[in-house]
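Welcome to a short set of exercises with worked solutions. Take a look at the model first, then work through the steps with me.

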Amino acid sequence: MKIKQLVLSSVVAFATLAAFAPTMASAAAHHKAHKVCKWDARHHHRVCHWVR
């Protein structure tokens, strides 16, 4: 009986996570910093920095 309850609760938890995953992913992508690189002709190399 205990195993059945454990399996059921894990299935419910997984279903809840699957339902909220797209929402969390879109929220995280909005605030995630990303790298911007540009060519510095004066110093002849790429310069990269993180922007939000």
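**Exercise 1.** In which sense do β1 and β2 pair, and over how many bridges?

*Solution.* Before we start, a note on the ground rules: this is a predicted model, where local features need pLDDT of at least 70, side-chain atom pairs count only at pLDDT 80 or more, and totals for chains, interfaces and linings use all residues. Residues are numbered from 1 along each chain as its sequence is written, and side-chain values use heavy atoms, with hydrogens and water left out.

Step 1. List the elements: the chain has one helix and two strands, in the order α-β-β along the sequence. Helices (H or I, at least four residues) and strands (E, at least two) are DSSP runs, numbered from the N terminus.

Step 2. Read off the pairing: β1 and β2 run antiparallel to each other, with seven bridges. Strands count as paired if DSSP finds at least two bridges between them.

Step 3. Check individual partners: K38 sits opposite V47 of β2, and W39 has R46 as its bridge partner in β2.

Step 4. Look at the connection: the two strands make a hairpin with four residues between them, and H44 in the turn has a positive phi of about 60°.

**Exercise 2.** Which element has the highest mean pLDDT, and which the lowest?

*Solution.* Step 1. Recall that pLDDT is the predictor's confidence in each residue, from 0 to 100. The chain average is 77, and 62% of the residues score at least 70.

Step 2. Compare the elements: strand β1 (residues 34–40) comes out highest at 92, while helix α1 (residues 2–31) is lowest at 68.

Step 3. Keep the caveat in mind: where pLDDT is low, predicted coordinates should not be read in detail.

**Exercise 3.** Which cysteines form the disulfide, and how far apart are their sulfur atoms?

*Solution.* Step 1. Search for cysteine sulfur atoms within 2.5 Å of each other, the cut-off for a disulfide. The structure holds one such bond.

Step 2. Identify the pair: C37 and C48 are joined, with 2.2 Å between the sulfur atoms. The bond links distant parts of the chain, C37 in strand β1 and C48 in strand β2 (residues 45–51), eleven residues apart.

Step 3. Work out the handedness: the torsion about the S-S bond of C37 and C48 is about 110°, so the disulfide is right-handed.

Step 4. Classify the exposure (buried is under 20% relative accessible area, exposed over 50%, partly exposed in between, with a 1.4 Å probe and protein chains only). C37 is partly exposed because its relative accessibility is 34%, and C48 is partly exposed at 33%.

**Exercise 4.** What does the side chain of D40 reach at 3.3 Å?

*Solution.* Step 1. Place the residue: D40 belongs to strand β1, and its 21% relative accessibility makes D40 partly exposed.

Step 2. Find the polar contacts (N or O atoms within 3.5 Å; within protein, one must be able to donate a hydrogen and the other to accept it, and residues adjacent in sequence count only if both atoms are side-chain atoms). The D40 side chain reaches the backbone nitrogen of R42 at 3.3 Å. The side chain of D40 also makes a polar contact with that of H43, at 2.8 Å.

Step 3. Add the other contacts (heavy atoms within 4.5 Å): leaving aside neighbours within four places in sequence, D40 touches H45 and V47.
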